[in-house]
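User: I am new to this structure and would like to learn how to read some of its features. Could you guide me through them?

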Amino acid sequence: TMAIIPTRNPTSIAGYYLGVFSLIPVLGLILTIPAFICGIIAMQKVSANPEVAGKGHAITAIVLSVVQPIILIALIFLGLLKGF
């Protein structure tokens with residue numbers, strides 16, 4: 001059965017929310033590393049036992065934790081270019 005909220009894999013839920021909240025500009029720098037770690041741990045749990053669910057949440061956590069610094073760097077770069 002597919003679970004929309006993977007209650008048996010709370011690490012994936014935590015990683016997901018950390019990843020989403022990492023998109024908040026200053027707060028994001030603090031949350032990206034825990035989001036990435038939670039996403040990796042959750043993926044390991046899903047790989048070990050597919051019935052646990054939470055693969056989508058784990059992937060989202062990993063992707064958002066990698067994308068957030070890229071967005072931040074781009075915004076800083078664009079902001080610096082705007083001043084010239």
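Analyst: The turns below take up a pair of helices and then three individual residues. Please note that this is a predicted model.

User: How do the axes of helix 1 and helix 2 cross, and at roughly what angle?

Analyst: One begins with the angle between the two axes, where values over 145 degrees count as roughly antiparallel. Here the axes of helix 1 and helix 2 cross at roughly 155° and come within 7 Å. The two helices are therefore roughly antiparallel to each other. In passing helix 2, helix 1 makes a left-handed crossing.

User: Which residues make the contact?

Analyst: On the side of helix 1, the contact is made by T11, S12, A14, G15, L18, G19 and F21. Helix 2 contributes L27, G28, L31, P34, A35, C38, I41, A42 and K45. By class, the residues of this contact comprise 10 nonpolar, 5 polar and 1 charged.

User: Where does S22 lie, and is S22 buried or exposed?

Analyst: A residue counts as buried when its relative accessible area is under 20%. S22 is placed in the loop between helix 1 (10–21) and helix 2 (25–48). Its relative accessible area is 0%, so S22 is buried.

User: What does S22 touch?

Analyst: Leaving aside residues up to four places away in sequence, S22 touches G28, L31, T32, L64 and Q68. In addition, a polar atom of the S22 side chain lies 2.6 Å from the backbone oxygen of G19.

User: What should I note about G39 in helix 2?

Analyst: The same cut-off for burial, under 20%, is applied again. With a relative accessible area of 0%, G39 is buried. Not counting residues up to four places away in sequence, G39 touches A58, A61 and I62.

User: How many residues apart in sequence are G39 and F21?

Analyst: Separation along the chain and separation in space are two distinct readings. G39 and F21 are 18 residues apart in sequence, and their C-alpha atoms are 14 Å apart in space.

User: What is the phi of A53 near?

Analyst: The general idea is that most residues other than glycine have a negative phi. The phi of A53 is near 70°, which is a positive value in a residue other than glycine. A53 is found in the loop between helix 2 and helix 3 (55–82).

User: Does A53 count as buried or exposed?

Analyst: A53 counts as buried, because its relative accessibility is 17% and the cut-off for burial is under 20%.

How values were computed: Residues numbered from 1 in each chain as written. Predicted model: local features only at pLDDT ≥ 70, side-chain atom pairs only at ≥ 80, totals over all residues. Heavy atoms only, no water. Helix = DSSP H or I, 4+ residues; strand = E, 2+ residues; numbered from the N terminus. Buried < 20%, exposed > 50% of the residue type's maximum accessible area, 1.4 Å probe, protein only. Polar contact = N/O pair within 3.5 Å; in protein donor to acceptor, adjacent residues only side chain to side chain. Contact = heavy atoms within 4.5 Å. Axes fitted to C-alpha atoms, helices over the stretch in contact; angles between N-to-C directions. Parallel < 35°, antiparallel > 145°, perpendicular 65-115°, else oblique. Left-handed = near helix turned anticlockwise from the far one by under 90°. Nonpolar A, V, L, I, M, F, W, Y, C, P; charged D, E, K, R; others polar.
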